[in-house]
Amino acid sequence: IFTEDVVVYDDRKYNFFPISDSLKKHNYVYENFIERGNEIVYTDESQKIASFKGIDVSRHQGEINWSMVPEDEISYAFIRAGYRGNSEGKLIEDEYFKDNIEGALEHNIDVGIYFYTQALTEEEAVEEAEFVLELIEDYEITYPVVLDLEEVADASARTSEMTKEEYTKAAIAVCETIRKAGYTPMIYGNLKTFMIMLDMEQIEAYDKWFAYYDTTVYFPYDFTIWQYSSNGSVKGIGGNVDMNVCMKDYSHKN
């Protein structure tokens, strides 16, 4: 309905953001995102699949039988390296990080990394990035190293008073630290992340992973990965898992 705006519902109201001519738009054809069973694929003009199927996992999935995961045509997995606590701000390694990254690589699944941020400053952001870099230095990472930025809906959260400019500076500090270490930086988020929490003009240079649990995906700007479900089912994983469709081939080594 609103073809010239991105509409975001937040804080019990609708927020309208005029679509910017200065930001790069994606060129996906919405009709080419095809639901195939419980997954979504992207096809080219000849209806050939032109996307890659993947998952993202953390301790919430528990112990994973990685030998079974490739049977569901999973070509990549984003592994959570860790997170910063919402209140005390301590850096914590995901308890299944080592098992997950080694299990995925052992079974020829390309690996990306994500870290759930709660950085208040650029200094804390760099600290988070360096924490991740130390964890992954002995592994082959082909997919991006991702900053996971989401709102914490709790007034007592340490980030509750952060401004858009502060969020943006922290995000850039993480991405630049990752980039300088030789990896591909990426930012993960939803509509609120990209339209309200971050300044899209300042993060234009970084790849984006967009979370949106409805079809068709609602985002005009450039992104390379779409997380379309949190209720996926994959062999070797008990319970639900996040599902992703990727339109860029990251499988080459960084």
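In the predicted model, helix α3 contributes the most to the lining of the second largest cavity, with four residues. This cavity has a volume of about 70 Å³, and its lining is formed by Thr117, Gln118, Ala119, Ala125, Leu147, Leu149, Thr159, Met162, Tyr167, Ala170, Ala171 and Val174. Divided by class, these lining residues comprise nine nonpolar and three polar residues, with no charged residue among them.

Gln118, one of the residues lining the second largest cavity, is placed in the loop that runs between β8 (110–116) and α2. Its relative accessible area is 2%, and Gln118 is therefore classed as buried, the cut-off being under 20%. When residues up to four places away in sequence are set aside, Gln118 touches Arg84, Gly85 and Asn86, as well as Glu124, Glu128, Glu150, Val152, Arg158 and Thr159. Of these contacts, Thr159 also appears in the lining of the second largest cavity, whereas Glu128 appears in that of the largest cavity.

The structure holds two cavities of 30 Å³ or more, and the largest has a volume of about 90 Å³. The largest cavity is lined by Phe115, Glu128, Ala129, Val132, Val145, Val146, Leu147, Val174, Cys175, Ile178, Pro185 and Met186. Two or more residues of this lining come from each of the elements α2 (122–136), β9 (145–148), α3 (164–180) and β10 (185–189). By class, the lining of the largest cavity consists of eleven nonpolar residues and one charged residue, with no polar residue. Leu147 and Val174 are listed in the linings of both the largest cavity and the second largest cavity.

At the level of the whole chain, the secondary structure comprises four helices and 13 strands. The C-alpha trace spans about 45 × 45 × 35 Å along its principal axes. For 254 residues, a compact globule would be expected to have a radius of gyration near 18 Å, and the value for the chain, 18 Å, agrees with this expectation. Buried residues account for 54% of the 254 residues in the chain. Among contacts between residues at least 6 apart in sequence, 62% join residues that are at least 24 apart.

A hairpin is formed by strand β3 (residues 33–36) and strand β4 (residues 39–42), which pair in the antiparallel sense over four bridges. Within this pairing, Glu35 has Ile40 of β4 as its bridge partner. Two residues lie between the strands of the hairpin, in which Gly37 takes a positive phi near 70 degrees.

Val41 is also located in strand β4, and with a relative accessible area of 5% this residue is buried. Beyond residues up to four places away in sequence, Val41 touches Asn32, Phe33, Ile34, Arg36, Ile49, Ser51 and Val245. The C-alpha atoms of Val41 and Asn244 are separated by 9.2 Å, although these two residues are 203 residues apart along the chain. Thr43 lies in the loop between β4 and β5 (52–57) and is likewise buried, with a relative accessible area of 4%. Leaving aside neighbours within four places in sequence, Thr43 is in contact with Asn32, Ile34, Lys48, Ile49 and Ala50. Asn32, Ile34 and Ile49 are thus contacts of Thr43 and are also among the residues touched by Val41.

Several loops contain backbone features that merit separate description. Most residues other than glycine have a negative phi, and most peptide bonds are trans. Glu73, in the loop between β5 and β6 (76–84), has a positive phi near 60 degrees. With a relative accessible area of 54%, Glu73 is exposed, because the cut-off for this class is over 50%. Asn108, which is found in the loop between α1 (97–106) and β8, also has a positive phi, near 60 degrees. The relative accessibility of Asn108 is 73%, and this residue counts as exposed. A cis peptide bond, with omega about 0 degrees, joins Thr215 and Thr216; Thr216 belongs to the loop between β11 (207–211) and β12 (225–232).

Notes
Residues numbered from 1 in each chain as written. Predicted model: local features only at pLDDT ≥ 70, side-chain atom pairs only at ≥ 80, totals over all residues. Heavy atoms only, no water. 1 Å grid on protein atoms, 1.4 Å probe; cavity = no way out; pocket = protein on both sides within 12 Å on 5 of 7 lines; lining within 4 Å. Points joined across faces, edges and corners; volume = space filled by probe spheres on them. Nonpolar A, V, L, I, M, F, W, Y, C, P; charged D, E, K, R; others polar. Pairing = 2+ DSSP bridges. Rg over C-alpha atoms; globule rule 2.2 N^0.38 Å. Buried < 20%, exposed > 50% of the residue type's maximum accessible area, 1.4 Å probe, protein only. Contact = heavy atoms within 4.5 Å.
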